[in-house]
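Work through the exercises below with the sequence and the model side by side. Try each task before you read its solution.

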Amino acid sequence: MKSAMIPYGRQDISESDIQAVVDVLHSDFLTQGPAVPTFEKRVAEYCGAEHAVAVNSATSALHLACLTLGAGSGDVVWTTPVTFVASANCALYCGATIDFVDIDSRSYNMSVERLAEKLAQAKKIGKLPKVVIPVHLCGQPCDMKAIHELSKQYGFKIIEDASHAIGGKYCGEFIGNCRYSDITVFSFHPVKIITTGEGGMALTNDPKLAKRMQLLRSHGITRDAEEMTHAPDGSWYYQQIDLGFNYRMTDMQAALGLSQMQRLNEFVAKRHSTAKRYDQLLASLPVVTPWQHADSYSGLHLYVVRLKLGESSKAHRQVFEALRAAGIGVNLHYIPVYRHPYYESLGFKPRNWPEAEQYYAEAISLPMYPNLTEEQQVKVCETLCQSIKN
Ligand SMILES: *Cc1c(COP(=O)(O)O)cnc(C)c1O
């Protein structure tokens, strides 16, 4: 089957991935069986983190992470405006307020300079953030060493939203080891680097944080006598000791994730060859291709180009629509979060984030996934060229 549109992203499912899910369907447990802890252990070991808590989405993982780090009413959480809404919504779920730190003009990640300035101002008025959520946009890690230094100086917690970044490296080590953060979150949505259909995971090196996230993932219920207020009434007994949720991952999902882990390195390597080919094919066009930090190995979830608007007679929107009309499923990652009506109603004004605004006026995500063919890439680049020049 051949679909007309080349999508911006798509999953790669092998026969052994399918078999892994079928095996679970034939087994005793569709959920709360052995596959989830096996998947958690595999990802934790791969990344070099002590603990991993699998959940039904990265959104749930971000929510649990915020709660576990104590974000609540009266607290402030900061993230980048150029991200999926979930990176900001998680703070609001907890009753905290959210604010945004403008992006860096080269990496499109949260700017460390803007963060430092904003922290200094916040300190003066006594409104320092409780949690900061840097997002590794497109898979490129943020400047975590610098952000970690600032966290020590100003006393905030760090959640890495690494939804785009599993399989990538920062300073030679896999993203997810939480060396410079309290918790790291991955997404396993089908467009991301590996998939479980829907799914997410929170990694940490702190056993207390892991335990609390495990508890909140399943209603706040414990079967561990040590955690109960009194000795169990009998062998049926459990206690709800906190207000949690049903954020569990199923065994079908975990089995798929475990099977996908076998090809994670290959997926990321293929994304790198795709990016290299794009870099070459686009070299003569008036676009800015993605900058890669020398200390990082990006997961390359996305390949974002920025139009050099001054060098083309075509508007951003015209180029975008022409690509779509030609069957290229380009996208824009992301509409700055503060621009959504829900956030506007909270009082956010675009003028406070000039770099994010500039980015939004120029960015286009080209198709990027492991099985994108060279032929398709040539088509994408030729269409882009025509749509800019004609
Ligand atoms: C996809 C994504 C999420 C949410 O992931 P889900 O697993 O779909 O909940 C959060 N943050 C970022 C940056 C994402 O790209």
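A contact means heavy atoms within 4.5 Å. The model is predicted.

**Exercise 1. The chain as a whole**

Task: Find what share of the contacts with a separation of 6 or more comes from residues 24 or more positions apart. Then judge how compact the chain is.

Solution:
- Step 1. Take the contacts in the chain with a separation of 6 or more. Residues 24 or more positions apart account for 73% of them.
- Step 2. List the secondary structure. The chain has 13 helices and 15 strands.
- Step 3. Compare the radius of gyration with the globule rule. The chain has 22 Å, and the rule gives 21 Å for 390 residues. The two are close, so the chain is as compact as a globular protein of that length.
- Step 4. Add the box. Along the principal axes, the C-alpha atoms fill roughly 75 × 60 × 40 Å.
- Step 5. Add burial. Of the 390 residues, 53% are buried.

**Exercise 2. Strand 9 and its partners**

Task: Name the strands that pair with strand 9, and say which residues stand opposite Met201.

Solution:
- Step 1. Locate the strand. Strand 9 spans residues 200-204.
- Step 2. Look to one partner. Strand 1 (residues 51-55) pairs with strand 9 in the antiparallel sense, over 5 bridges. Here Ala54 stands opposite Met201.
- Step 3. Look to another partner. Strand 8 (residues 183-187) also runs antiparallel to strand 9, joined by 4 bridges. Here Phe186 stands opposite Met201.
- Step 4. Sort the side chains. Gly200, Ala202 and Thr204 point one way, while Met201 and Leu203 point the other way.
- Step 5. Check burial on each side. Buried means under 20% relative accessible area. By that cut-off, 5 of the 5 residues in strand 9 are buried.

**Exercise 3. Backbone oddities in loops**

Task: Where do Gln32, Cys171 and Tyr334 lie? Describe the backbone at each one.

Solution:
- Step 1. Start with Gln32. This residue lies in the loop between helix 1 (15-25) and helix 2 (35-47). Its phi is positive, about 60 degrees, although it is not a glycine.
- Step 2. Check the accessibility of Gln32. The relative accessible area is 54%, so Gln32 counts as exposed.
- Step 3. Move to Cys171. The loop here runs between strand 6 (169-170) and strand 7 (173-174). Phi of Cys171 is also positive, near 50 degrees.
- Step 4. Check the accessibility of Cys171. At 30% relative accessible area, Cys171 is partly exposed.
- Step 5. Finish with Tyr334. This residue sits in the loop between helix 10 (316-325) and helix 11 (341-344). A cis peptide bond joins His333 and Tyr334, with omega about 10 degrees.

**Exercise 4. The largest pocket**

Task: Which element gives the most to the lining of the largest pocket? Describe that lining by class.

Solution:
- Step 1. Take the volume. The largest pocket has about 560 Å³.
- Step 2. Find the centre. Of the 20 lining residues, the closest to it are Gln32, Gln214, Arg217, Ser218 and Arg248.
- Step 3. Find the elements. Helix 2, helix 7 (207-217) and strand 10 (221-222) give two or more residues each.
- Step 4. Pick the main contributor. Helix 7 gives the most, with 4 residues.
- Step 5. Sort by class. The lining has 7 nonpolar, 6 polar and 7 charged residues.
- Step 6. Link back to Exercise 3. Gln32, among the residues closest to the pocket centre, has the positive phi of about 60 degrees.

Technical notes. Residues are numbered from 1 along each chain as its sequence is written. This is a predicted model: local features need pLDDT of at least 70, side-chain atom pairs count only at pLDDT 80 or more; totals for chains, interfaces and linings use all residues. Side-chain values use heavy atoms; hydrogens and water are left out. Buried means under 20% relative accessible area, exposed over 50%, partly exposed in between (1.4 Å probe, protein chains only). Two strands pair if DSSP finds at least two bridges between them. On a 1 Å grid over the protein atoms alone, a cavity is a set of points where a 1.4 Å probe fits but cannot get out, and a pocket is an open set with protein on both sides within 12 Å along at least five of seven lines; lining residues have an atom within 4 Å of a point. Grid points are joined across faces, edges and corners, and a volume is the space filled by probe spheres set on the points. Ala, Val, Leu, Ile, Met, Phe, Trp, Tyr, Cys and Pro count as nonpolar, Asp, Glu, Lys and Arg as charged, and the others, Gly among them, as polar. The radius of gyration is taken over C-alpha atoms; the globule rule is 2.2 Å times the number of residues to the power 0.38.
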